[in-house]
Amino acid sequence: MSSVNDGDGRPDPTTSHAAALPYLTQYEREGVWVVAVHGAFDFDSAPLLAAALQDAATTHKRVVVDAAGVTFADSTVLNVLLHFHHGHHLRLARPARQLLRVLELTGADQVLDIRATVDDAVTP
């Protein structure tokens, strides 16, 4: 059982069990759709990210993934990012240390457009 913040549907990050549960927040910024990723993403939760990216691409030419809130990401998430990148304009902003390590080890950091901040990522 997990706690939820004030009825908004997101896990309460103050509880240890809920802290790893994945969720997304999404918003538009300067004409770019931003998908902020929070929690642990793996084989079971990567489809949540994939669906959000595909939905974003139907209405926005550019999509930014704000990955500062990622607590865990496996190769499934990497696959989602790379697959989406090949057909769309994707930028990855503020990848968490663990995700950045996966990107570096696989060489994906040389393929994906990684930016230090969301501000940098939304600029043309």
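These exercises, each with a worked solution, concern a predicted model of one protein chain.

**Exercise 1. The chain as a whole**

Task: State how many helices and strands the chain has, and in what pattern they follow one another.

Solution.
Step 1. Count the elements: the secondary structure comes to 5 helices and 5 strands.
Step 2. Follow them along the sequence, where the pattern reads α-β-β-α-β-α-β-α-β-α.
Step 3. Turn to burial: 38% of the 124 residues are buried.
Step 4. Look at the surface, where the chain exposes about 6800 Å². Carbon and sulfur atoms supply 53% of that area.
Step 5. Take the contacts between residues with a separation of 6 or more; 59% of these join residues 24 or more positions apart.

**Exercise 2. The sheet**

Task: Give the order of the strands in the sheet and find which strands lie at its edges.

Solution.
Step 1. Set out the order: the 5 strands form an open sheet, E1-E2-E3-E4-E5, with mixed pairing.
Step 2. Find the strands that pair on one side only; these are E1 and E5, the edge strands.
Step 3. Add the twist, which averages 25° from one strand to the next.
Step 4. Place a helix on the sheet: H2 (residues 46–57) lies across E1, E2 and E3. The direction of H2 is at about 180° to that of E2.

**Exercise 3. From E3 to E5**

Task: Describe how E4 pairs with E3 and with E5, and give the handedness of the two crossovers.

Solution.
Step 1. Recall the general rule: strands of a sheet pair through backbone hydrogen bonds, either parallel or antiparallel.
Step 2. Take E3 and E4, which pair in the parallel sense over 5 bridges. In this pairing Val-63 stands opposite Leu-90 of E4.
Step 3. Trace the connection: the chain goes from E3 through H3 to E4, a right-handed β-α-β crossover.
Step 4. Take E4 and E5, which are also parallel, here over 3 bridges. The bridge partner of Ala-93 in E5 is Arg-115.
Step 5. Trace this connection as well: the path from E4 through H4 to E5 is a right-handed β-α-β crossover.
Step 6. Check how covered E4 is: 4 of its 5 residues are buried.

**Exercise 4. The two sides of H4**

Task: Explain why the buried residues of H4 line one face of the helix, and name what they pack against.

Solution.
Step 1. List the buried residues of H4 (residues 97–106): Leu-99, Val-102 and Leu-103.
Step 2. Look down the axis of H4: its buried residues fall within an arc of 100°, so they line one face.
Step 3. Relate this to helix geometry: an α-helix has 3.6 residues a turn, so residues three or four places apart point the same way.
Step 4. Turn to the face away from the buried side, which carries the exposed residues Arg-97 and Leu-105.
Step 5. Find the packing partners of the buried residues: strand E3 (62–73), helix H3 (75–87), strand E4 (89–93) and strand E5 (113–115).
Step 6. Go past the end of the helix, where Gly-107 follows H4 with a positive phi near 85°.

**Exercise 5. Two residues with positive phi**

Task: For Glu-30 and Arg-94, give the location, and decide whether each is buried, partly exposed or exposed.

Solution.
Step 1. Locate Glu-30, which is in the loop between strand E1 (23–29) and strand E2 (32–41). Its phi is near 50°, a positive value in a residue other than glycine.
Step 2. Apply the cut-off for Glu-30: exposed means over 50%. Glu-30 has a relative accessible area of 60%, so it is exposed.
Step 3. Find the contacts of Glu-30 beyond four places in sequence; they are Arg-62 and Val-122. One of these residues, Arg-62, has His-89 in E4 as its bridge partner.
Step 4. Note one C-alpha distance: Glu-30 and Pro-124 are separated by 9.8 Å, though 94 residues apart along the chain.
Step 5. Locate Arg-94, which lies in the loop between E4 and H4. Arg-94 is not a glycine, yet has a positive phi of about 50°.
Step 6. Classify Arg-94: its relative accessibility is 38%, so it counts as partly exposed.

**Exercise 6. Ser-75**

Task: Say where Ser-75 is and whether it is buried or exposed.

Solution.
Step 1. Locate Ser-75 in helix H3.
Step 2. Read its relative accessibility, 55%, so Ser-75 counts as exposed.
Step 3. Compare sequence and space: Ser-75 and Leu-103 are 28 residues apart in sequence, with 9.4 Å from C-alpha to C-alpha.

Technical notes
Residues are numbered from 1 along each chain as its sequence is written. This is a predicted model: local features need pLDDT of at least 70, side-chain atom pairs count only at pLDDT 80 or more; totals for chains, interfaces and linings use all residues. Side-chain values use heavy atoms; hydrogens and water are left out. Buried means under 20% relative accessible area, exposed over 50%, partly exposed in between (1.4 Å probe, protein chains only). Contact means heavy atoms within 4.5 Å. The arc is that of the directions from the helix axis to the C-beta atoms. Accessible areas come from the Shrake-Rupley method with a 1.4 Å probe; for residues, only the protein chains shown count as cover. Two strands pair if DSSP finds at least two bridges between them. A crossover is right-handed if, with the strands pointing away from the viewer, the path from the first strand over the helix to the second runs clockwise. Axes are lines fitted to C-alpha atoms, for helices over the stretch in contact, and angles run from 0 to 180 degrees between N-to-C directions.
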